[in-house]
Amino acid sequence: MVNLDLPSFFNTISKANVSRDMKYLILIFCIILSLQLSAQVPEDALRLSWTAPSGTARQQAIGGAMGSLGGEISAAFVNPAGLGFYRTSEIVVSPGFRLQKDNANYRGTNTSGNSANNFNLGTSGFVFGFPSRDNTGFVLSLAVNRAANFGSNTSYKGQNDYSSFSEQYAEEFANSGLSINDAIASNTLSYGTRMALYTYLIDTATIGGVTQVIGQPQKILNAQGVLNQVNNISTKGGITEISIGLGGNSNEKLYFGVSIGIPIVSYTRHLSFTESDATGNTNNDFASSTYNETYSSKGGGVNAKLGIIYVPVSSWRLGLAVHTPTVYALTDAISADMTTNSENYTSSHIISVTSDMLDQNTGSGNVKYDLSSPWRIIVSGSYLFGGGAEDVKQQKGFITGDIEYVANRSSRFTSPQDDNGNPVYDAGYFDAVNSTIKSYYKNNFNFRLGGELKFNTLAARAGFSYSMTPYSQSDLKADRIFASAGIGYRNKGIFVDLTYVQGFTKDVNFPYRLADKSNTYAVVKQTSGTVLMTVGFKF
């Protein structure tokens with residue numbers, strides 16, 4: 001049994017002797033370092049780029065395809081050349097409501113999370129048309145859109161005879177080269193590792209004459225025992241983007257436009273992971289441990305979208321748009337606590353610690369950094385039934401589609417600069433994270449298809465979108481599928497659109513990552529339903 005006072009015997013330790021799979025070494029190394037700098041991991045970059053289609057009710061009803069159709073305020077967020085089709089001005093508001101349910105499978109056990117319901121604001125704003133007599137003119141737009149919604153409740157549990165969440169902390173401590181006392185007092189290590197040392201979830205042990213770092217739950221696994229693991233994750237927030245767009249045309253053949261976007265990010269994650277002994281043995285140095293964490297990321301960015309739409313004949317429209325990376329300036333903050341019951345390993349049995357206790361000597365773990373999102377290229381086409389571009393009232397409907405290429409591997413973390421223009425953090429750290437992104441993710445395609453049929457003042461619409469997996473590893477299965485339908489009414493300068501979107505998302509969630517063995521993960525399946533209404537007035 002070890003007393004709570006840290007003995008001087010543990011002031012020096014040797015690094016754990018573990019083998020490493022080189023394919024994952026860079027990834028784990030980045031994650032270990034990133035935890036020291038307030039948890040910038042590859043998933044942070046993906047969260048801001050692998051998003052669902054958004055927009056007005058009309059755009060959502062046709063699968064989000066707006067790369068070549070034009071004449072919609074949401075074109076400012078997809079292909080601003082579509083603004084050039086306006087001949088009048090309008091005001092638009094698009095309130096909506098989203099319902100979501102997550103189901104997860106972890107090590108053979110299925111678990112359902114609580115429902116997450118969120119208010120959504122689709123594309124809303126103003127369009128000001130300034131037509132001219134020579135078929136040119138220009139259009140100005142000011143719009144806001146909920147580009148991403150982070151609200152979800154994910155829960156999973158299962159029995160694990162393969163690994164323990166304590167091993168991630170043992171790895172980080174072993175690689176630090178610090179004594180236990182110095183490690184607990186160091187802000188270069190993650191809260192989790194420092195708390196694991198403080199509560200004796202991990203400790204040093206002499207095995208075969210070699211001093212090593214071991215997690216108490218590993219003793220159960222080494223004895224062929226089993227651990228119960230439960231992970232509850234609740235997230236909220238989103239990305240709200242403000243856009244200023246400008247569009248025009250040349251002889252109603254070539255339409256062009258540009259928009260500047262200012263996305264505002266607010267993301268909060270509450271996580272609670274519990275690991276407990278499933279053997280019933282009350283004398284194996286481990287009963288349970290719970291780690292709670294609240295992580296937030298807030299900030300803003302700027303991007304540009306450029307596009308053209310070519311009308312070779314009145315019934316066809318061909319579009320091309322390029323979205324520059326969004327350059328974000330973000331601030332992350334973490335608060336955490338851990339409680340461990342190590343049975344008779346310590347005299348106190350149950351020990352708790354909070355991040356506030358650790359911060360008394362080291363300061364808070366808040367950090368500022370920059371992130372660039374991926375480049376995007378959208379190629380699209382539309383076919384109009386009935387009248388063409390010059391005869392809107394005679395149009396009977398259309399079919400339209402987008403193909404979007406997303407360069408996920410181009411996402412980059414960078415350090416902010418001080419007043420002298422020097423990086424605040426070691427550039428080598430961010431280089432390692434960026435190398436991880438390139439190996440962990442792949443560039444992917446998004447496909448959007450939709451159509452509309454007009455019946456005088458009424459219209460019926462349907463659409464579909466599909467996003468491919470962003471992961472480079474073939475065993476990590478992920479995709480997004482959305483099916484939508486809606487109706488619309490237009491008469492005398494007033495329009496009302498109503499849409500329902502059914503979403504199906506498949507993704508993976510890693511409760512922890514280890515360097516010396518394959519990582520276990522949960523397969524998360526998310527279903528969502530969104531009701532969206534757009535009301536607009538032309539003037």
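Is Arg 490 buried, exposed or partly exposed? With a relative accessible area of 32%, Arg 490 is partly exposed, because buried would require a value under 20% and exposed one over 50%. Please keep in mind as you read that this is a predicted model.

## Charged pairs

Let us stay with Arg 490 for a moment. Its side chain meets that of Asp 497 in a salt bridge, with N and O 3.0 Å apart. The partner sits in another setting: Asp 497 has 1% relative accessibility and counts as buried. The pair also belongs to a wider network, in which salt bridges with shared partners join Arg 58, Glu 72, Glu 452, Arg 461, Arg 490 and Asp 497.

In total, the structure contains 16 salt bridges. Side chains of opposite charge can pair when their charged atoms come close. Here are three of the pairs, with their N to O distances.

| Basic residue | Acidic residue | N to O distance |
|---|---|---|
| Lys 219 | Asp 285 | 2.9 Å |
| Lys 305 | Glu 241 | 2.8 Å |
| Arg 490 | Asp 497 | 3.0 Å |

What does the salt bridge between Lys 219 and Asp 285 tie together? Lys 219 is part of helix H8 (residues 216-222), while Asp 285 belongs to the loop between strand S11 (254-277) and S12, so the pair ties together parts that are 66 residues apart in sequence. Lys 219 itself is partly exposed, at a relative accessible area of 28%.

The salt bridge of Lys 305 with Glu 241 also links distant parts of the chain: Lys 305 lies in strand S12 and Glu 241 in strand S10, 64 residues apart. Both residues of this pair, Lys 305 and Glu 241, are buried.

## Enclosed spaces

Now for the empty space inside. Rolling a probe the size of a water molecule over the atoms shows where empty space is left. The structure has three cavities of 30 Å³ or more, and the largest has a volume of about 610 Å³. Its lining is made up of 38 residues, and the closest to the cavity centre are Thr 51, Phe 77, His 323, Arg 376 and Glu 404.

Which elements each supply at least two residues of this lining? They are helix H4 (75-78) and the strands S6 (138-149), S10 (227-250), S12 (288-310), S17 (376-386), S18 (395-406), S20 (444-455) and S21 (458-467). Strand S20 gives the most, with four residues. Sorted by class, the lining of the largest cavity has 15 nonpolar, 18 polar and five charged residues.

The second largest cavity holds about 50 Å³ of space. Around it are Pro 53, Gln 60, Gly 63, Gly 64, Ser 465, Phe 482, Ser 484 and Val 501. This lining divides into three nonpolar and five polar residues, with no charged ones.

## A closer look at Glu 404

Glu 404, one of the residues closest to the centre of the largest cavity, is found in strand S18. Is Glu 404 buried or exposed? Its relative accessible area is 5%, so Glu 404 counts as buried, the limit being under 20%.

Which side chain does the side chain of Glu 404 meet in a polar contact? The partner is the side chain of Arg 448, at 3.0 Å. Leaving aside neighbours within four places in sequence, Glu 404 is in contact with Arg 376, Ile 377 and Ile 378, and also with Asn 444, Phe 445, Asn 446 and Arg 448. Arg 376 is itself listed among the residues closest to the centre of the largest cavity.

Note on methods
Residues numbered from 1 in each chain as written. Predicted model: local features only at pLDDT ≥ 70, side-chain atom pairs only at ≥ 80, totals over all residues. Heavy atoms only, no water. 1 Å grid on protein atoms, 1.4 Å probe; cavity = no way out; pocket = protein on both sides within 12 Å on 5 of 7 lines; lining within 4 Å. Points joined across faces, edges and corners; volume = space filled by probe spheres on them. Nonpolar A, V, L, I, M, F, W, Y, C, P; charged D, E, K, R; others polar. Salt bridge = Lys/Arg side-chain N within 4 Å of Asp/Glu carboxyl O. Buried < 20%, exposed > 50% of the residue type's maximum accessible area, 1.4 Å probe, protein only. Polar contact = N/O pair within 3.5 Å; in protein donor to acceptor, adjacent residues only side chain to side chain. Contact = heavy atoms within 4.5 Å.
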